[in-house]
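Me: I'm new to this structure and would like a close look at one part of it. Could you pick a spot where helices pack together and walk me through it, then show me how the rest fits around it?

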Amino acid sequence: MKLTIKGSVGDNDVNLEVELSDADVSQLVNQLKFTSENTDPPSPLVRSRPDPKTSELSESLNFIQKQGKVTQYQLIDQLADLGLKDADIKRAIMWLNHHADIKVETQSKGQHSQYHIFHWQPTD
């Protein structure tokens, strides 16, 4: 089995290939098997309202609240105009996807194009 990992860590490109024999894969699978003694149902997903400690989250929330509804592209442009880095913008979007005051709608255009629309909907 061959596993290829490509991407980046910070400014560094990553191109990693890991090759395992069938025996290695079998051994790994056996090590991962476990039995769960916990029969409780999983906890429901709880949306959070983290303190906007970072400027990217704070700026994002303020922008969405003022506009009421914002596409991810509008948000990206706004945050980039404020001088935030790509990693900070991606982190803000990730936090917004799970923020209690934000409803996220996914729009599709074409076969593979999707984007988010963020709606301000505070839940008190």
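Reply: Here is a walk from the whole chain to one helix pair, one residue within that pair, and then the sheet.

Let's start with the overall layout, keeping in mind that this is a predicted model. The chain has four helices and five strands. If you follow the sequence from its start, these elements come in the pattern β-β-α-α-β-α-α-β-β. Of the 124 residues in the chain, 19% are buried. Among contacts with a separation of 6 or more, 42% are between residues 24 or more positions apart.

Now for the helix pair. Two packed helices are described by the angle between their axes and the distance between the axes. Our pair is α2, residues 55-67, and α4, residues 86-96. Their axes come within 9 Å and cross at roughly 60 degrees. The two helices are therefore oblique to each other, and their crossing is right-handed. On the α2 side, the residues that meet α4 are E56, L57, S60, L61 and I64. Their counterparts in α4 are D88, R91, A92, W95 and L96.

Let's zoom in on E56, which lies in α2. Is E56 buried or exposed? Its relative accessible area is 5%, and the cut-off for buried is under 20%, so E56 counts as buried. Leaving aside residues up to four places away in sequence, E56 touches L79, L84, D88, R91, A92 and W95. One of these neighbours, R91, also makes a polar contact with E56, side chain to side chain, at 3.0 Å.

From here we can move to the sheet. Three strands form an open sheet in the order β3-β5-β4, with antiparallel pairing. β3 (69-71) and β4 (102-109) are at the edges, each with a single partner strand, so one side of each has no neighbour in the sheet. From one strand to the next, the twist averages 25 degrees. β4 and β5 (residues 113-120) run antiparallel and are joined by eight bridges. To find one of them, look for I102, whose bridge partner in β5 is W120.

Finally, look at helix α3, residues 72-81, which packs on this sheet. This helix touches β3 and β5, and its direction makes about 85 degrees with that of β3.

Notes. Residues are numbered from 1 along each chain as its sequence is written. This is a predicted model: local features need pLDDT of at least 70, side-chain atom pairs count only at pLDDT 80 or more; totals for chains, interfaces and linings use all residues. Side-chain values use heavy atoms; hydrogens and water are left out. Two strands pair if DSSP finds at least two bridges between them. Axes are lines fitted to C-alpha atoms, for helices over the stretch in contact, and angles run from 0 to 180 degrees between N-to-C directions. Contact means heavy atoms within 4.5 Å. Buried means under 20% relative accessible area, exposed over 50%, partly exposed in between (1.4 Å probe, protein chains only). A polar contact is a pair of N or O atoms within 3.5 Å; within protein, one must be able to donate a hydrogen and the other to accept it, and residues adjacent in sequence count only if both atoms are side-chain atoms. Angles under 35 degrees count as roughly parallel, over 145 as roughly antiparallel, 65 to 115 as roughly perpendicular and the rest as oblique. A crossing is left-handed if the near helix is turned anticlockwise from the far one by less than a right angle, and right-handed if clockwise.
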